[in-house]
Amino acid sequence: MKIVNVGILGLGFMGKCHYETYQKIKGVNVAAICDIDPIKLSGDWSGIAGNIGGKGSAVDLSGISLYKHAAEMFSDPSLDIIDITLPTYLHEEYAILALSAGKHVICEKPLARDAETAKRIVTAAEKHERMLFTAHCIRFWPAYFWLANAVKNKEYGNLISAVFRRHSPLPTWSWNNWLQDQKKSGLCALDLHIHDADFILHCFGIPKSISSSGAGFNKDRLDHIHTVYEYDGALVTAEGAWEYAPSYPFSMTFTAVFDKATIALHPDGSFCLHSLDGECTDIEIPDNDGYFNELCEFTDCVRENKPSELITPEDACRSVRLIELEERSARTGEKVTIADL
Ligand SMILES: NC(=O)c1ccc[n+]([C@@H]2O[C@H](COP(=O)([O-])OP(=O)(O)OC[C@H]3O[C@@H](n4cnc5c(N)ncnc54)[C@H](O)[C@@H]3O)[C@@H](O)[C@H]2O)c1
């Protein structure tokens, strides 16, 4: 098996998560890491935190090339992929530099702070003929992957309704607190709720219209967004909220009601089929997570030199665009009709 060499750019919550995930993938080698923080490059990851996965500890980085400057890492000819786990507002600059240096790019979601910027990254990937993968991990999360197939195959009949929920304590752990800066992160809608908005596009296609409402710590902020997506025949809604108190546990859940069964991912992680005869059975799904599945997919794509069918660069642009429309609807109180994204 050809070994795929990856350089990780940005060693925060997601950089650590991707590093740990790559250790579980055969045929993938984290050959380089870049971060501006010398403490993290020394292997002291105790300052890294997020809403899942626990705090970092001491890590032995011997054998890995360590860089403080991204441009130096991009010039390493042994690297096949640059995995960008930087704050969202830095994605454009570094993704375009990496692509122009001839690297394939995995970029964390959202692809960019706005749809115009996302499009510029996609154009750079086309120009330099490199592959660009956006890490919309929910498409690869086993329970969600299962649901997308059930919708497609109509195994349980037609969908009547689907409700997606994502609840988090306020994220105060990011580097320089960039997540709490509207201009840098896009706050709850672009950073958190996009997981479900992207999955809804993936599963159900482009809605005819959306109606959003929201709330925040002040009138300029959206820390909680609720959207109704209009599709023929089915009611699809999603709620993203990150204003909860620090001890409130992170959860991602959904309930999808089909003619013949209700499928639910519950807050305790149980994934159940509630049948019409009153039975509740656990649905068997692989015992791994969306990070593992997405990074397996992207590194396989690079090894085999084929683009991913599960997420295209254009899909990632559409998701950012959809969030922009949802924010507009939440601010104006108006329903937004969507012809295309
Ligand atoms: N897929 C998911 O589930 C998920 C979860 C959280 C975050 N994210 C996304 O991942 C991205 C990163 O978020 P995070 O929470 O890991 O951020 P973070 O704040 O935890 O880490 C950012 C890291 O980037 C480093 N950095 C900043 N500027 C740099 C530069 N110029 N060169 C090198 N390093 C630099 C910082 O030192 C820090 O270590 C964001 O786009 C975010 O939306 C995705």
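Modeller: Before we start, two strands pair if DSSP finds at least two bridges between them, and please keep in mind that this is a predicted model.

Colleague: OK, so how many bridges join β7 to β10, and do they run parallel or antiparallel?

Modeller: Strand β10, which covers residues 235-244, is joined to β7 by eight bridges, and the two run parallel. To give one position, A162 has V236 in β10 as its bridge partner.

Colleague: And how does β7 run relative to β11, parallel or antiparallel?

Modeller: Strand β7, residues 159-169, runs antiparallel to β11, residues 251-258, and eight bridges join them. If you look at L159, you will find F258 of β11 standing opposite.

Colleague: Switching to helix α6, which of its residues are buried?

Modeller: The buried residues in α6 are A143, Y144, L147, A150 and V151. They lie on the same side of α6, because the arc they cover around the axis is only 115°.

Colleague: What do those buried residues pack against?

Modeller: The buried residues of α6 pack against several elements, among them β7 and β11, which we have just discussed, and also helix α8, residues 187-204.

Colleague: Which exposed residues does the face turned away from that buried side carry?

Modeller: That face of α6 carries N149, K152 and N153, which are exposed.

Colleague: What span should α6 have, and how far apart are its ends?

Modeller: With 12 residues, 142-153, at 1.5 Å a residue, α6 should span 16 Å, and this agrees with its end C-alpha atoms, which are 16 Å apart.

Colleague: Last one, what follows α6?

Modeller: K154 follows α6, and the phi of K154 is positive, near 55°.

Note on methods: Residues numbered from 1 in each chain as written. Predicted model: local features only at pLDDT ≥ 70, side-chain atom pairs only at ≥ 80, totals over all residues. Helix = DSSP H or I, 4+ residues; strand = E, 2+ residues; numbered from the N terminus. Expected span 1.5 Å × (residues − 1). Buried ≥ 20, exposed ≤ 12 C-beta atoms within 10 Å, placed from the backbone. Arc of directions from axis to C-beta. Contact = placed C-beta atoms within 7 Å.
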